[in-house]
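Colleague: Before we turn to the details, could you take me through how to read the salt bridges, the burial and the pockets of a model such as this one?

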Amino acid sequence: MAANRLKTIAQHLAVSPKGTQDGLKLTAVPTSGGLSRVPASQDFRYTVDGGVLTHEQRQFYEENGFLVIKDLISHDKIDVYRQHFEDICRGDVTVPGLTIMKDISLVKSKSNLPKDSSSVNKIQNFHDDPVLMGYCADPKVLQYVESFSGPNISVVHTMLINKPPDSGSKSSRHPLHQDMYYFPWRPIDRVVCAWTAMEHVDRSNGCLVVLPGSHREGTIKEHGYPQWEGGVNYLYHGILDFDEKSPRVHLEMEKGDTVFFHPLLIHGSGMNRTQGFRKAISGHYSQTDLTIIDVTGTVQEKAQREQIERVFKKMKLSKDHPVTKMSMKDLAAMDYQQRRRVVRGKTF
């Protein structure tokens with residue numbers, strides 16, 4: 001293996017001489033730190049000084065990796081987002097760059113799917129939609145995000161989840177995972193997710209479940225598709241090895257409640273056992289002056305490569321197309337520039 005490649009991989013992996021992948025065993029090691037311009041707090045690692053959080057809230061997030069703020073977003077705003085989502089699903093509104101995803105149980109049925117929200121389990125990348133971006137740029141959200149990311153804030157990923165009633169295949173579950181597994185940028189500790197319930201959520205309709213304190217391990221764990229009999233939705237990778245006896249907390253929330261959580265926090269969601277759809281809207285934020293990394297050879301390569309291959313297939317690019325010759329790091333940088341939106345502070 002070339003020296004420069006070893007140097008890159010060594011930044012993200014511990015290499016053991018035994019294993020099954022090309023004679024090497026790859027183990028995740030801490031991947032954050034050293035890249036942030038945001039002044040670090042002497043007392044707290046995961047939040048920054050000068051924000052709206054109280055000392056008690058900062059301490060809770062430090063220890064647990066999540067923080068729920070009750071009734072942060074008004075019901076009127078959520079109703080607007082809900083209606084706009086319905087308009088998108090019906091085709092009444094077109095959003096450039098939007099990704100619309102359908103539950104695998106519906107895709108496998110091969111039936112004629114209705115052109116409405118009942119056939120959609122998630123939309124992603126609504127960064128060019130002014131209505132839904134109203135959530136990501138909401139001052140009430142950003143005042144809290146600033147406590148995690150600092151004063152210069154970008155939205156780097158957007159999503160509205162429409163968890164369907166489970167068909168019996170249990171495919172409405174989302175396996176336990178870490179969000180940072182999907183993101184090829186650093187520093188990790190200046191990334192945060194804001195996730196707002198668009199209605200009452202509890203264990204019956206598949207609320208979030210978190211493993212408190214799991215972010216403090218400081219590593220991105222190996223993920224892959226779980227071997228579920230009913231199938232798994234696209235890119236719903238789950239952690240392959242974790243302590244199943246670890247304490248879990250189910251986040252039961254009301255409409256407008258918002259949870260902020262660290263991107264290394266292990267979390268997922270259960271089946272939706274009700275007859276209704278469970279909706280939530282979320283955005284991932286980071287400090288604006290972040291660094292794109294090369295995930296080649298790391299535990300993150302699998303997810304990024306799968307996404308790249310899907311895009312190439314969708315665009316029907318030939319193997320000789322110049323884009324297919326780009327490195328994973330360059331592709332990640334291009335993707336980041338296309339969907340990043342600065343929502344507060346300076347642009348770097």
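Modeller: A salt bridge is taken here as a side-chain nitrogen of Lys or Arg within 4 Å of a carboxyl oxygen of Asp or Glu. The model is a predicted one, in which local features need pLDDT of at least 70 and side-chain atom pairs count only at pLDDT 80 or more, whereas totals for chains, interfaces and linings use all residues. Residues are numbered from 1 along each chain as its sequence is written, and side-chain values use heavy atoms, with hydrogens and water left out.

Colleague: Which side chain meets that of aspartate 128 in a salt bridge, and where do the two residues lie?

Modeller: The partner of aspartate 128 is arginine 341, at 2.6 Å from N to O. Helices (H or I, at least four residues) and strands (E, at least two) are DSSP runs numbered from the N terminus. Aspartate 128 sits in the loop between strand 5 (122–124) and helix 5, while arginine 341 belongs to strand 18 (residues 341–344), so the pair ties together parts that are 213 residues apart in sequence.

Colleague: How many salt bridges does the structure hold, and is aspartate 138, the partner of lysine 77, buried or exposed?

Modeller: The structure holds 13 salt bridges. In one of them lysine 77 and aspartate 138 bring their closest N and O atoms to 2.8 Å, and this pair links distant parts of the chain, with lysine 77 in helix 3 (residues 75–90) and aspartate 138 in the loop between helix 5 (133–136) and helix 6, 61 residues apart. Burial is read from relative accessible area (buried under 20%, exposed over 50%, partly exposed in between, with a 1.4 Å probe and protein chains only). Aspartate 138 is buried at 3%, whereas lysine 77 is partly exposed at 36%.

Colleague: How should I read the second largest pocket, and which residues are closest to its centre?

Modeller: On a 1 Å grid over the protein atoms alone, a pocket is an open set of points where a 1.4 Å probe fits, with protein on both sides within 12 Å along at least five of seven lines, and lining residues have an atom within 4 Å of a point. About 560 Å³ of space lies in the second largest pocket, and of its 25 lining residues the closest to the centre are Arg173, His174, Leu176, Arg248 and Ser269. Strand 7 gives the most to this lining, with 3 residues.

Notes:
Grid points are joined across faces, edges and corners, and a volume is the space filled by probe spheres set on the points.
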